[in-house]
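Dear colleague,

I am passing on the structure below for you to look over. My notes on the cysteines and on the nonpolar core follow it.

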Amino acid sequence: CNSDADAFGNRCDGDMNNNNSTNSQDTTLYRQGLGSPNTVPVYNRSDISCNGSVNGADTTLYRTLLGVPPGPGPSP
């Protein structure tokens, strides 16, 4: 899924505010999404796993995206 309609799917895009960097600003937005309603097929951008629920699984994935620009590629 690609919640923010940019060129990258949620699994490789932790950049919640689309400023081309995954950082503390995005963490604030991610935390706001935890536990939020998620109606498939319109996924919450915090639902990184795109499984219809914003939960701990997404937190694990989000942590791998911190400090990484959005898009496919190697994680640090």
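**The cysteine link**

In this predicted model, the link of Cys 1 and Cys 50 is left-handed, with -75° about the S-S bond. Distant parts of the chain are joined by this pair, since Cys 1 belongs to the segment before α1 (24-33) while Cys 50 sits in the loop between α1 and α2 (56-65), the two being 49 residues apart. The sulfur atoms of Cys 1 and Cys 50 are 1.8 Å apart and form a disulfide, and the count of disulfides comes to one. As for the surroundings of the two partners, Cys 50 is buried, with a relative accessible area of 18%, whereas Cys 1 counts as partly exposed at 37% relative accessibility.

Cys 12 is in no disulfide, and the nearest cysteine sulfur, which is that of Cys 50, lies 9.9 Å away, whereas a disulfide requires sulfur atoms within 2.5 Å. With 23% relative accessibility, Cys 12 counts as partly exposed.

**The nonpolar core**

Which residues make up the largest nonpolar core? It has five residues, namely Met 16, Tyr 30, Ile 48, Tyr 62 and Leu 65. One of these, Tyr 62, may be a useful place to start reading the contacts: leaving aside its neighbours within four places in sequence, Tyr 62 is in contact with Met 16, Tyr 30 and Ile 48, and also with Gly 14, Thr 22, Asn 23, Asp 26 and Thr 27.

With best regards

Conventions: Residues numbered from 1 in each chain as written. Predicted model: local features only at pLDDT ≥ 70, side-chain atom pairs only at ≥ 80, totals over all residues. Heavy atoms only, no water. Core = buried A, V, L, I, M, F, W, Y, C linked by side-chain atoms within 4.5 Å. Buried < 20%, exposed > 50% of the residue type's maximum accessible area, 1.4 Å probe, protein only. Contact = heavy atoms within 4.5 Å. Helix = DSSP H or I, 4+ residues; strand = E, 2+ residues; numbered from the N terminus.
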